[in-house]
Amino acid sequence: MGATQRTVEVVRAMAAAMEEHRAHLTKLDSEIGDGDHGTNMHRGFQATLERLETAEPATPADVLKAVSMALIGKVGGAAGPLYGTAFLRASTTLADKEDISAEDAAAALQAALDGVKQRGKAEVGDKTMIDALKPAAEAATNAGGSLAEVFRAAADAAKGGAESTVEMTARRGRASYLGARAVGHMDPGAHSSYLLLDAAARTLESA
Ligand code: ADP
Ligand code: MG
């Protein structure tokens with residue numbers, strides 16, 4: 001299977017994960033937000049699947065760009081534009097490459113993180129998806145090895161990062177209105193970041 005088709009498979013697995021975990025993500029968001037994160041992510045990835053049916057992506061970057069356009073176009077709320085930016089930056093980084101190395105994947109993850117940081121102005125410790133994405137990008141850079149190993153390292157780091165948000169108070173996003181009442185709850189966006197990376201890792205591991 002070529003890299004473009006494998007990227008499509010990764011995105012399909014991400015869409016399936018958003019479907020499977022929709023209720024849980026919404027539950028997390030109803031605890032410290034407005035209870036729409038699962039619905040938002042599900043809607044965005046359903047729109048992505050529709051877009052991929054007619055788009056004829058020639059490169060992995062084209063696939064990621066289609067994800068970005070669907071998320072930006074179809075998802076209201078904070079997470080749509082933030083994830084849309086992440087996928088767009090990853091796409092731009094891969095440019096017209098037809099094969100993706102471990103280094104390319106790590107660079108794309110780092111670019112995705114930088115895009116979210118620029119757009120949302122959150123840092124580690126603010127109880128957002130950055131708490132999952134930053135350790136993920138770092139782990140990806142240090143992992144080396146195969147593409148599957150890079151994404152497995154990133155997903156494992158994102159899981160730890162998402163768990164670290166439980167004890168935090170929020171400084172960005174809706175949860176920041178809650179002050180100390182947000183403590184004890186995992187940030188939904190950090191959890192969805194882990195789920196997306198885990199879906200990518202599982203797909204690449206089974207290739
Ligand atoms: P909304 O908050 O508009 O309802 P969602 O519920 O879909 O949108 O997404 C909420 C998630 O978005 C949060 O859990 C958090 O991870 C992420 N988020 C919100 N604001 C920011 C920000 N400024 N920077 C990074 N991530 C953010
Ligand atoms: Mg919400």
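This briefing describes the surroundings of ligand 1 and a selection of individual residues. The structure is a predicted model. Ligand 1 sits in the largest pocket, where 20 residues surround it. The protein covers 92% of the 560 Å² of accessible area that ligand 1 has on its own, and the polar contacts listed below include one with an oxygen atom of the ligand at 2.5 Å from the side chain of Asp-187.

**Shell around ligand 1**

- Among the 20 residues that surround ligand 1, the closest are His-37, Asn-40, Ala-78, Gly-120 and Asp-187.
- Sorted by class, this shell holds seven nonpolar, seven polar and six charged residues.
- Three helices, α3 (37-54), α5 (79-94) and α9 (188-205), each contribute at least two residues to the shell.
- The largest contribution comes from α9, which supplies three residues.

**Polar contacts of ligand 1**

- The side chain of Asp-187 places an N or O atom 2.5 Å from an oxygen atom of ligand 1.
- Asn-40 also approaches through its side chain, with a polar atom 2.8 Å from an oxygen atom of the ligand.
- At Gly-189 the contact involves the backbone: a polar backbone atom lies 2.9 Å from an oxygen atom of ligand 1.
- With the protein in place, 92% of the 560 Å² of accessible area that ligand 1 has on its own is covered.

**Positive phi outside glycine**

- Ala-95 is not a glycine, yet its phi is positive, at about 50°.
- This alanine belongs to the loop between α5 and α6 (102-120).
- Ala-95 has a relative accessible area of 43%, so it is classed as partly exposed.
- Lys-127, likewise a residue other than glycine, has a positive phi near 65°.
- Its position is in the loop between α6 and α7 (130-143).
- Lys-127 counts as buried because its relative accessible area is 1%, which is under the 20% cut-off for that class.

**Buried residues in helices**

- Val-67 is part of helix α4, which spans residues 60-74.
- The relative accessible area of Val-67 is 0%, and the residue is therefore buried.
- Between Val-67 and Asp-187 there is a separation of 120 residues in sequence and of 23 Å in space, from C-alpha to C-alpha.
- Ala-162 occupies a place in helix α8 (residues 147-164).
- With a relative accessibility of 2%, Ala-162 is counted as buried.
- Ala-162 and Leu-196 stand 34 residues apart in sequence, while their C-alpha atoms are 12 Å apart in space.
- Helix α9, which gives the most residues to the ligand shell, also contains Ala-190.
- Ala-190 is buried, since its relative accessibility is 0%.
- The C-alpha atoms of Ala-190 and Ser-164 are 9.5 Å apart in space, and the two residues are 26 positions apart in sequence.

Conventions. Residues are numbered from 1 along each chain as its sequence is written. Chains are lettered from A and ligands numbered from 1 in the order in which they are written. This is a predicted model: local features need pLDDT of at least 70, side-chain atom pairs count only at pLDDT 80 or more; totals for chains, interfaces and linings use all residues. Side-chain values use heavy atoms; hydrogens and water are left out. A residue is near a molecule or strand if one of its heavy atoms lies within 4 Å of it. A polar contact is a pair of N or O atoms within 3.5 Å; within protein, one must be able to donate a hydrogen and the other to accept it, and residues adjacent in sequence count only if both atoms are side-chain atoms. Accessible areas come from the Shrake-Rupley method with a 1.4 Å probe; for residues, only the protein chains shown count as cover. On a 1 Å grid over the protein atoms alone, a cavity is a set of points where a 1.4 Å probe fits but cannot get out, and a pocket is an open set with protein on both sides within 12 Å along at least five of seven lines; lining residues have an atom within 4 Å of a point. A molecule sits in a cavity or pocket if more than half of its atoms lie within 2 Å of its grid points. Helices (H or I, at least four residues) and strands (E, at least two) are DSSP runs, numbered from the N terminus. Ala, Val, Leu, Ile, Met, Phe, Trp, Tyr, Cys and Pro count as nonpolar, Asp, Glu, Lys and Arg as charged, and the others, Gly among them, as polar. Buried means under 20% relative accessible area, exposed over 50%, partly exposed in between (1.4 Å probe, protein chains only).
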